[in-house]
Amino acid sequence: MQNYDKLFINGRWVLPVHPASFDSIDPSNEQVITQVAAASPSDVELAVEAARQAFDSGIWSGLSGTQRAHYLHAIATEIRNHLTQLASLEVQDNGKPYPEAEWDINDAADCFDFYAKLAVELDTQREQDIALPDVRFHCVARKEPVGVACAIIPWNYPLLMAAWKVAPALAAGCTLILKPAEATSLTAIELGRIAEKVQLPAGVLNILTGIGADIGPALTEHPHIDKVAFTGSVPVGKQIMQSAAHQVKNISLELGGKSSFIVFEDSELDAAVEWIMFGIFWNQGQVCSATSRVLIHEDIYETLLLRLKTAAEKIKIGAGFDTEVKLGPLVNQKQYHHVLAAIERGVKDGVRLVSGGNRPTEFSQGYYVQPTIFADVPEDHPLWNEEIFGPVVSIRSFKTESEAVQSANNSIFGLAGAVMSKDLDRCHRVARALRAGIIWINCSQPTFSQAPWGGYKQSGIGRELGIWGLENYLEVKQITTFQSAETWGWYLS
């Protein structure tokens, strides 16, 4: 185990100005893994100064996209070279099963490679000629990096969420400060070691571990930070919007969800069971896009419920290094109690509990919760409307397509949705009708670096991934040239 008691600022590992640390806890056994450096607002000042100097000097923004791509590819290579170590850290720090962690680390490497490709393409696409009605003028629209960015990431996909922000920001030419979630900081620190190894110029990437309440406001309100990119809860997203409004700061927000999965009567039942479970039990349900409420056509409702119950009760629960485990512990004690409270409220209110709902009896330690299924959930109940962020699925029946679409759209969220049917015309019709930013047909949760990611309504602002993720970190400048030999003639005629 490496030391995690320092911050990565201006290309160096430094102790916090006011020495402090917090525990990193293994959620499978509630044991302390290591101590992590806790930054203060004083450290924020140092990191912002370093990022500002690195950007304004042009040591990064002044490079070509091809030159920046060299570093991005090198980071991707180092991530793959340390895949086992990084995946193991995420199992310890987050609790997810090792195969899921390994998948995430590979995706993070792929993300850096993808944005390296876009960085190269930016060299030829940076300027676009604009047709004007007056031939005496020539106009171009030019894309330039937004400046110094602050990236605040969640704990559910620690290194992958870092990649989603760091890779496009670096590709665009920005410098940045990365603030990982305090619950899962270890692989973000390892990303700093990788940046050091590939000799990323000093100040381009700075990593501040610490308590969000202590340093979050200092980051989001700092006048020398040009952009804030945040992934996390709606309440915190609203706070960031409020703080950014004082400076009209550039922001992008990827927030919560309560995504619906509509299953029609002609669906293949085994496929429906598999994708419903993937949509809610993957990563212990700690997924912003989780299809946590399922609408099943009344003709197959009870049959599918029974098959889902049977399959869910066979899921192996345990520590992430057990090769047969499909459901690990929740990330920390706070989330564990939050999920149990949501379940207890449903039971108290008399909502039909089909399966799960408790801590597995075989564990005396660890933040484990059984895969939980509620049925006949009222549309006005918190189980149906509020994000739980755990292995809890709420299910209702429906009669008609329009009823299902209306129920799915009746939400403050609009991140994702899914529809299953053998009738692809119906699937595409429903996909177009759903008010959400990501729609899956006959599946749930596949994610690709090339495709846009983000939501409608209170699920956020802006898009990550694909070319849209790069554009998050670019400003557009108009440059217009008067190219006539004559004077304009307005004042001197």
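Setting aside its neighbours within four places in sequence, Ala 163 is in contact with Ala 108, Cys 111, Phe 112 and Pro 168. These contacts, like everything that follows, come from a predicted model. Ala 163 sits in helix H5, which covers residues 158-172. Is this alanine buried or exposed? Its relative accessible area comes out at 0%, and because anything under 20% counts as buried, Ala 163 is buried. Val 377 makes a handy landmark for getting a feel for distances in the model: Ala 163 and Val 377 are 214 residues apart in sequence, and their C-alpha atoms are 37 Å apart in space.

A second residue can be looked at in just the same way. Thr 220 belongs to helix H7, made up of residues 212-220. With a relative accessible area of 5%, Thr 220 is also under the 20% cut-off, so it is buried. Which residues does Thr 220 touch, leaving aside its neighbours within four places in sequence? The list runs to Ile 152, Val 228, Ile 240, Ser 243 and Lys 249.

Next come the sheets. One of them is an open sheet of seven strands, and reading across it gives the order S14-S15-S16-S13-S12-S18-S19, with mixed pairing. Its edge strands are S14 (352-355) and S19 (438-441), each of which pairs on one side only. From one strand to the next, the twist averages 20°. At the S14 edge, three bridges link S14 to strand S15 (residues 372-375), and the two strands run antiparallel. What does one of these pairings look like at the residue level? Leu 353 has Phe 374, in S15, as its bridge partner.

Helices pack on this sheet too. H9 touches strands S12 (260-263), S13 (293-297), S15, S16 (392-398) and S18 (416-420), and its direction makes about 175° with that of S12. Helix H10, formed by residues 301-312, lies across S12, S13, S14, S15 and S16. Relative to S15, H10 runs at about 165°.

There is also an open sheet of three strands, with the order S5-S6-S22 and antiparallel pairing. Here the edge strands are S5 (127-130) and S22 (474-482), and each pairs on one side only. Neighbouring strands in this sheet are turned against each other by 25° on average, if direction is ignored. How many bridges join S6 to S22? Strand S6 (residues 137-145) is joined to S22 by nine bridges, with the two strands running antiparallel. As one example of residues facing each other, His 138 stands opposite Thr 481 in S22.

Helix H9 turns up again at the second largest pocket, which holds about 350 Å³ of space. Its lining is made of 13 residues, and those nearest the centre are Glu 274, Phe 278, Trp 282, Ile 315 and Lys 326. Two elements give two or more residues each to this lining: helix H4 (98-125) and helix H9 (269-281). Which of them provides the largest share? That is H9, with four residues. Sorted by class, the lining has nine nonpolar residues, three charged ones and one polar one. So H9 plays two parts in this picture, because it packs on the seven-stranded sheet, where contact means heavy atoms within 4.5 Å, and also gives four residues to the pocket lining.

How values were computed:
Residues numbered from 1 in each chain as written. Predicted model: local features only at pLDDT ≥ 70, side-chain atom pairs only at ≥ 80, totals over all residues. Heavy atoms only, no water. Buried < 20%, exposed > 50% of the residue type's maximum accessible area, 1.4 Å probe, protein only. 1 Å grid on protein atoms, 1.4 Å probe; cavity = no way out; pocket = protein on both sides within 12 Å on 5 of 7 lines; lining within 4 Å. Points joined across faces, edges and corners; volume = space filled by probe spheres on them. Nonpolar A, V, L, I, M, F, W, Y, C, P; charged D, E, K, R; others polar. Pairing = 2+ DSSP bridges. Axes fitted to C-alpha atoms, helices over the stretch in contact; angles between N-to-C directions.
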